[in-house]
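Thanks for coming, everyone. I'd like to walk you through one model today, so please have the sequence and the viewer open.

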Amino acid sequence: MHDKLKFKNLFRIHSDEPELVQAQMAAMSRQIPLIYIIVAFNVFGLAVSFASAAPPELAIWTPAVLIGLFIVRSLFWFMRPKEYASHLDAARELRKLSALLAGMAVFLSVWCILLFPYGDANQQTHIAFFISVTLIGTVFAVVQVPLAALVCMTISGTTFVLFFATRGNLAYTAMALNFITVMLVVFMLVRSYFQNLYGFITSNKQLTEANAELNSLYAELQTHRDNLAQQVCLRTAELEEQKLKLEQALKAERELNAMQNDFVSMVSHEFRTPLAVIDGMARRVENRADSMDAEAVRERMEKIRGSVGRLSNLVERTLDASRMAASKLQFEPEMVDIQSHILDVLDRHKEIATEYQFEIDIEDLPDELSCDPRLMEHVLGNMIGNAVKYSKADPRIDICGYVEGNWAIIKVRDHGVGIPKAELARVTERFFRASTATSIQGTGIGLNLVKEIVQMHGGKFKIDSEEGKWTEVSAFFPISRDSADPVILGVHDDDEPDALVRRA
């Protein structure tokens, strides 16, 4: 509010304040005729005073024209619209009024100065009286519009202060000083009145806004009251839904914590087994080095090497699973002799699983396949390693590979404990282990890693099983990446084409 009351803001129309402009225009509608009446009577009185002393064009015709213009202007004022369509129209009318009053002040000031030399002391004093009464009356008639009031006062007051101060007469100089005092007082009164008016308009606006807000709040309160029961039901349902989600999240977190604990326990056990073999073989060689022949030493070194390889594979799988979870696993494909790659991985398992029978049929695979050889070792090692691990009672393992369409397909089937149908959808979850595998060592990360790596190659992974009879895992790799099926099938996907699963 204080910014609006600065000195420079008194000399403009506040078109950015609609309520203020409308209030000023309403006040002027009542007070403009009063201005014309005051000026017309004072002009007539001064004309009568100078009728016998000044030339007719100054004492008769000029006053007559002025009074006639005041009458015409008053008629036009009464004929104008009583209300304006917008505050901008009202602001334009106020500017016109201010310009008209400024012009009237200039004209009257010039007329009085021209009359002054023709009068005696009494008539000249009448001019000073005319100026004072006309100026003060006009200012207070338009006090609601500081621009109009201060422009009139500045033009008329400054003109006569300078005129009287330069007459070289002590009385006129005193009158000039009085004019200055009166102008300062009038300025303060105009500013104070405008401050009160603006404060009233602002308070009224705030009161109106507060009343509108109160009515809105009351309406909203009624709406809430009418719909309270419905809102309570909706909120209760939301709370129940959030409670259910929270319980499910807590249950999932507990399951994950349990699986992680089992994973840590299993990894510890997995590490201990090859370490115990390494330690035992090393101690036996150390204690019997002098009495052992080369064949016995070689046999124990092979067992140590096998345990080291098993330990290395476990570490590598664990690290790659962590990298996969953090999206940091490097994928570096190259052209690989896939048949030789499978046979190399199989040879390493044969060294450990000497009692197993491996049926191999991979001659139909392409000579080369684009894949990451290190990651492919994880895939093949897990597929063959799981078949070995979970089929001790029936050590027959079938490995086949062939081409169907754009796919190179590798299948590994064992005749072991199998997996319940209800658990097939979860066997590739991280840390999850089937109920039939609880008594067998494992980490629960192998198949999860296999599925992720196969999908990194743009391929598909499938697992099927019959509990207590067999389990078959299949990996599908695109031969041409450009034409590979972009859809990644989930575990045990029922949409798998028959052509891709027709060979056991």
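Let's begin with helix 11, which spans residues 446-456. Eight of its eleven residues are buried, so this helix is largely enclosed by the rest of the structure. If you want to click through them, the buried ones are Gly 446, Leu 447, Asn 448, Leu 449, Val 450, Lys 451, Ile 453 and Val 454. Do notice that Asn 448 and Lys 451 are on that list. After helix 11 comes Gly 458, and its phi is positive, near 80 degrees. Please keep in mind that what you are looking at is a predicted model.

Now let's zoom out for a moment. The chain has 504 residues, and 43% of them count as buried. You will find twelve helices and seven strands in it. How much of the contact network joins residues at least 24 apart, if we take contacts between residues at least 6 apart in sequence? The figure is 75%. As for the outside, the accessible surface comes to about 27,700 Å², and carbon and sulfur atoms account for 58% of that.

Staying with the surface, please turn to the nonpolar patch. Ile 136, Phe 140, Val 182, Val 185 and Leu 189 make up this patch, and together they have about 390 Å² of accessible area. Which helices supply at least two residues each? They are helix 4, residues 121-141, and helix 6, residues 170-226. Helix 6 gives the most, with three residues. A general reminder helps here: an α-helix has 3.6 residues a turn, so residues three or four places apart point the same way. With that in mind, have a look at Val 182, Val 185 and Leu 189 in the patch. Val 185, which is found in helix 6, has a relative accessibility of 45% and therefore counts as partly exposed.

Next, the strands, and I'd start from strand 4, residues 396-404. On one side there is strand 2, residues 357-361, which pairs with strand 4 in the parallel sense over five bridges. Within that pairing, Asp 361 has Cys 400 of strand 4 as its bridge partner. Strand 4 also pairs with strand 5, residues 407-414, this time in the antiparallel sense and over eight bridges. There, Glu 404 is matched with Trp 407 of strand 5. Strands 4 and 5 form a hairpin with two residues between them, and Gly 405 in the turn has a positive phi of about 60 degrees. When you look along these strands, remember that in a regular strand the side chains alternate between the two faces of the sheet.

Since Cys 400 has come up, a word on cysteines. Is Cys 400 buried or exposed? It is buried, with a relative accessible area of 8%. Cys 371 is buried too, at 0%. And how many disulfides does the structure hold? Zero.

One last stop: Phe 107, in helix 3, residues 87-115. Its relative accessible area is 44%, which makes Phe 107 partly exposed. Leaving aside residues up to four places away in sequence, Phe 107 touches Thr 62 and Leu 66. Leu 66 is 41 residues from Phe 107 along the chain, and their C-alpha atoms are separated by 9.4 Å.

That's my tour, and I'm happy to go back to any of these views with you.

Note on methods. Residues are numbered from 1 along each chain as its sequence is written. This is a predicted model: local features need pLDDT of at least 70, side-chain atom pairs count only at pLDDT 80 or more; totals for chains, interfaces and linings use all residues. Side-chain values use heavy atoms; hydrogens and water are left out. Helices (H or I, at least four residues) and strands (E, at least two) are DSSP runs, numbered from the N terminus. Buried means under 20% relative accessible area, exposed over 50%, partly exposed in between (1.4 Å probe, protein chains only). Contact means heavy atoms within 4.5 Å. Accessible areas come from the Shrake-Rupley method with a 1.4 Å probe; for residues, only the protein chains shown count as cover. Patches are made of residues with over 30% relative accessible area and no salt bridge: like charges are joined within 9 Å, nonpolar side chains (Val, Leu, Ile, Met, Phe, Trp, Tyr) within 5 Å. A salt bridge is a side-chain nitrogen of Lys or Arg within 4 Å of a carboxyl oxygen of Asp or Glu. A disulfide is a pair of cysteine sulfur atoms within 2.5 Å. Two strands pair if DSSP finds at least two bridges between them.
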